[in-house]
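User: I am beginning a course on protein structure and would like to work through an example by question and answer. Please take me through the model shown here.

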Amino acid sequence: MISFWENLGHRATVLFWAFADTIAFSGRVFLRIFRRKTYSSAMREVLVNQIYFTSVQILPVFLLVSVLFGSLLIGIVFTLLKEFGLTDFIGHVLMGLIVTELAPFLTVLLITLRSSAAINTEMAVMKVNREIKTLETFRIDVIDYLLAPRVINGIISIVLLSSLCSIVLLASGILFSRLIFGMGMDVYTKILLTSTDFSDIVIALVKCGIFGFFITLIPIRFGLQASHELTSIPVVVSRGMVNVFSAILIIEVLSLMTKLF
Amino acid sequence: MSRDLKVGLFIGGTVILLVAALLYLAMGKGVFEKTHTFTLSSRSGDGFAVGMPVVFSGFDIGKVAALELNDEGLVLIQIKISDRHVKWIRSDSSFILYRPLIGSAQIVVNTVNLKSPPLDESKIPQVSIVNDINDAIARIEPVLEKVAQIAEHTERLTRNLSDPKGDLYRVLGNAEKISTNLASKKSLAEMAISDEESLRSLNESLKKLKDITTNVDRLLVKVDKMADRTDEQLYGSEGALPQVNVILKDMIRKLQKLDKTIDNIDKISSDASAGTKDLQLLRSDIDDLLASLTEMVKKMEDLVGTRKTPEFKTP
C-alpha cells in the first residue's frame with residue numbers, strides 16, 4: 001500500500017518537474033525570440049529554410065486539402081443548418097466554428113504531422129550524432145541557432161497558413177451559400193460582417209501563435225532528451241508527438257474557456 | 001526562383017491578404033467611421049445590454065455603448081450611431097426596446113418625419129418597452145383558463161365513469177346480460193324471438209322463401225331464353241325488322257316516283273285550265289263575229305232593201 005502511494009508521489013513529482021522544466025525552457029526560448037542579438041545572419045538563414053520547408057513547400061498540398069476539406073465541411077454544416085431551420089446562424093457558425101476553431105485546428109494538425117515529427121527526429125538524430133555537443137564546443141548558441149528559428153517558424157507558419165485556410169473556407173462558403181441557400185454575395189458578406197467580432201479573430205490569431213510555439217518547442221525539447229544511442233530516437237519521437245497532441249488539446253480547451261469568460 | 005524570394009513572397013502575400021481581409025472587416029463594421037453618441041433613458045434596465053443592436057427599418061445602424069444609473073434612479077443608455085446612419089435619428093424619433101419571444105433584444109428606432117430636425121445629442125428621449133414574452137403570457141392566460149375548464153370537465157366525466165351506479169356501469173351490466181343470453185342461445189334469432197314455435201315457423205318460411213327464389217331463378221332463365229329468341233326474330237338477319245326496313249325503303253322509292261307523276265298531272269291540269277280560258281276567248285270572238293255579221297246583214301238589208309226575201313246561207 002505504501003509503495004503504491006510512494007510510486008504515485010514519485011510519478012507526480014517527476015511530472016511536475018518535467019512540466020516546470022518545459023515551462024522554464026519555453027520561457028528561455030520565448031525571451032530569446034525578442035532579443036535582437038538572436039537574429040544573426042546564420043540564424044536568419046536557418047529561419048528562411050525552416051519557413052520554406054514548413055510552409056512554402058507544403059503550400060500547394062495545403063491549399064488543396066483546405067479547399068477539399070473546407071468545402072466538405074461547409075457543405076455538411078450548411079446542409080444541417082438548412083435541415084434544422086437554423087439559417088439565421090450561418091454567420092455565427094462560419095466565423096465562430098469554422099474560421100476561428102476549425103481552420104486553426106486543421107492547420108495545426110497538418111503541420112504537426114509533417115513538421116513537428118520531422119523536427120523531433122532531427123533533434124534526436126543531432127543529439128545521437130553529438131552534433132549539438134559539437135556546436136556547443138564551437139561556442140555556437142544552440143538556442144539561437146537551432147531552437148529560435150524553428151519556434152519562430154512554427155509561429156509564423158501556423159498564423160499565416162491558418163489565415164489562408166480561413167480565407168479559403170470563407171471563399172468556399174460563398175459557393176455553398178449560393179448553392180444551398182440561394183444566397184447572393186452581398187447578403188453573405190453582410191452576414192459575415194454582422195457576425196464577426198474582432199475579439200474572436202484576435203483570439204484565433206493568438207491561439208495560432210501559441211499552437212505554433214508549442215508544436216515546435218515540444219518536439220525540440222523531447223528530441224534533445226535523446227541519449228547517445230540510436231534506439232532512443234523512436235522513444236523520444238513518440239513521446240514528443242504524444243505530448244504535442246496533448247498540448248494542442250489543452251490549448252484548444254483553454255481558448256474555448258477564454259471565449260466563455 | 002531563390003528560396004529567399006519564395007519565402008518572402010509567401011510571407012508578404014499572406015500578410016497582405018490577411019491585412020486586406022481585416023481592413024475590409026473593419027471598414028464593414030464601421031471601425032474607421034465617425035460615430036454620434038445619443039443618450040436614452042428608461043425606468044428599468046431590464047433587457048438592456050452593452051453591445052445590443054440599434055435597428056432602423058430592420059437594419060443595424062448602431063449599438064448600445066454603455067449603461068449607467070443616474071442620481072434619479074433612471075437608467076441611462078448610451079447608443080453609438082455611425083455617421084452615415086445618423087440621418088435616421090430625428091427629433092421626433094421614438095425608441096422602443098423590443099424583446100422578441102425568440103431571439104435577442106434590440107432597440108428599434110421609429111422616425112415618422114425624416115424632414116424633422118436632427119435629434120440633439122444633449123436630449124434624453126425615453127425608451128418604451130415592447131415585450132413579446134409578456135404579450136405571449138397575456139395571450140396564453142385565457143387559453144390556460146380554458147384548458148383548466150376542460151381538465152375539470154374531464155375529471156367530472158372520469159368521476160361519472162368510475163361511479164358504480166353511473167351510466168357506464170349500467171350499460172356494461174346490460175351488455176353483460178346480453179352476452180350471457182347470447183351464450184346460452186343457439187343463434188341471435190333465438191335470442192331475439194325467445195319463442196321456439198315462432199322460430200320454427202320463421203325457419204320454415206325461410207326455407208319456402210328459398211324454394212320461391214329457386215323458381216323465380218328458373219323463370220328468369222326461361223324469360224331470358226325467350227328474350228334471346230325474340231331478339232333473333234326481330235333483329236336477326238332474317239328477322240322482321242330488316243324486312244320491314246326493306247319494304248319501307250321500297251315504298252319511299254315508289255312514293256318519290258308517284259310524287260313526280262302527281263306533279264305532271266298538276267301541270268297538265270293547269271295547262272288544261274289555261275286552254276279552257278282560250279276556248280272562252282274564241283267563243284266570245286265567234287260571238288262577236290256573229291254579232292258583226294248579223295249587224296252587217298242588217299246593214300246590207302237596209303242598203304239593199306229591195307229584196308223581199310233575202311237569203312243568206314251561213315257556213
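Analyst: The questions below go from the overall make-up of each chain to helix packing, the cores and individual residues.

User: How many helices and strands does chain A have?
Analyst: This is a predicted model. Reading chain A from the N terminus, the elements run α-α-α-α-α-α-α-α-α. The count for chain A is therefore nine helices and zero strands.

User: How many helices and strands are there in chain B?
Analyst: Chain B begins with a helix at the N-terminal end, and its elements run α-β-β-β-β-β-β-β-α-α-α-α-α. Each α stands for a helix and each β for a strand, so the count for chain B is six helices and seven strands.

User: What percentage of the residues in chain B are buried?
Analyst: A residue is called buried if 20 or more other C-beta atoms lie within 10 Å of its own. In chain A, buried residues make up 34% of 261 residues. In chain B, which has 315 residues, the buried share is 8%.

User: Among contacts in chain A between residues at least 6 apart in sequence, what percentage join residues at least 24 apart?
Analyst: Contacts of this kind link parts of a chain that are separated in sequence. In chain B the corresponding share is 54%. In chain A the share is 87%.

User: What span is expected for helix 9 of chain A at 1.5 Å a residue?
Analyst: Helix 9 of chain A covers residues 232-260, which is 29 residues. The expected span is 1.5 Å times one less than the number of residues. From its first C-alpha to its last, helix 9 reaches 42 Å, close to the expected value of 42 Å.

User: Against which helices do the buried residues of helix 9 of chain A pack?
Analyst: The buried residues of helix 9 include V236(A), V237(A), G240(A) and M241(A). Further along the helix, V244(A), A247(A), I248(A) and S255(A) are buried as well. The partners of these buried residues are helix 4 (90-128) and helix 8 (198-223) of chain A.

User: At what angle do helix 6 and helix 8 of chain A pack?
Analyst: Residues of helix 6, among them L147(A), V151(A) and I155(A), meet residues of helix 8 that include L205(A), F211(A) and I215(A). The residues of this contact divide into twelve nonpolar, seven polar and one charged. The crossing of the two helices is right-handed. Their axes are 8 Å apart, and the packing angle is about 145 degrees.

User: Which helix of chain A gives the most to the side that touches chain B?
Analyst: The contact takes 15 residues from chain A and 14 residues from chain B. On the side of chain A, helix 2 (41-56), helix 6 (142-181) and helix 7 (185-195) each supply at least two residues. By class, this side has ten nonpolar, five polar and no charged residues. With six residues, the one that gives the most is helix 2.

User: Which helix gives the most residues to the largest nonpolar core?
Analyst: The largest nonpolar core has 58 residues, and L169(A) and I215(A) touch the most other members. Among the elements that each supply at least two residues are helix 3 (59-83) of chain A and helix 1 (3-28) of chain B. The most, 16 residues, comes from helix 6 of chain A.

User: With which residues is L169(A) in contact, leaving aside its neighbours within four places in sequence?
Analyst: L169(A) is one of the two residues that touch the most other members of the largest core. Once the neighbours within four places in sequence are set aside, L169(A) is in contact with G70(A), I74(A), I98(A), V99(A) and A103(A).

User: Is R139(A) buried or exposed?
Analyst: R139(A) is found in the loop between helix 5 (131-137) and helix 6 of chain A. Although R139(A) is not a glycine, it has a positive phi of about 60 degrees. A residue counts as exposed if 12 or fewer other C-beta atoms lie within 10 Å. Because R139(A) has 6 other C-beta atoms within 10 Å, this residue is exposed.

User: What distance separates the C-alpha atoms of E45(A) and P149(A)?
Analyst: E45(A) is found in helix 2 of chain A. With 13 C-beta neighbours inside 10 Å, E45(A) counts as partly exposed. E45(A) and P149(A) are 104 residues apart along the chain, and their C-alpha atoms are separated by 8.8 Å.

Technical notes. Residues are numbered from 1 along each chain as its sequence is written. Chains are lettered from A and ligands numbered from 1 in the order in which they are written. This is a predicted model: local features need pLDDT of at least 70, side-chain atom pairs count only at pLDDT 80 or more; totals for chains, interfaces and linings use all residues. Helices (H or I, at least four residues) and strands (E, at least two) are DSSP runs, numbered from the N terminus. Two residues are in contact if their C-beta atoms, placed from the backbone, lie within 7 Å. Ala, Val, Leu, Ile, Met, Phe, Trp, Tyr, Cys and Pro count as nonpolar, Asp, Glu, Lys and Arg as charged, and the others, Gly among them, as polar. Axes are lines fitted to C-alpha atoms, for helices over the stretch in contact, and angles run from 0 to 180 degrees between N-to-C directions. A crossing is left-handed if the near helix is turned anticlockwise from the far one by less than a right angle, and right-handed if clockwise. A nonpolar core is a set of buried Ala, Val, Leu, Ile, Met, Phe, Trp, Tyr and Cys residues joined through C-beta atoms within 7 Å.
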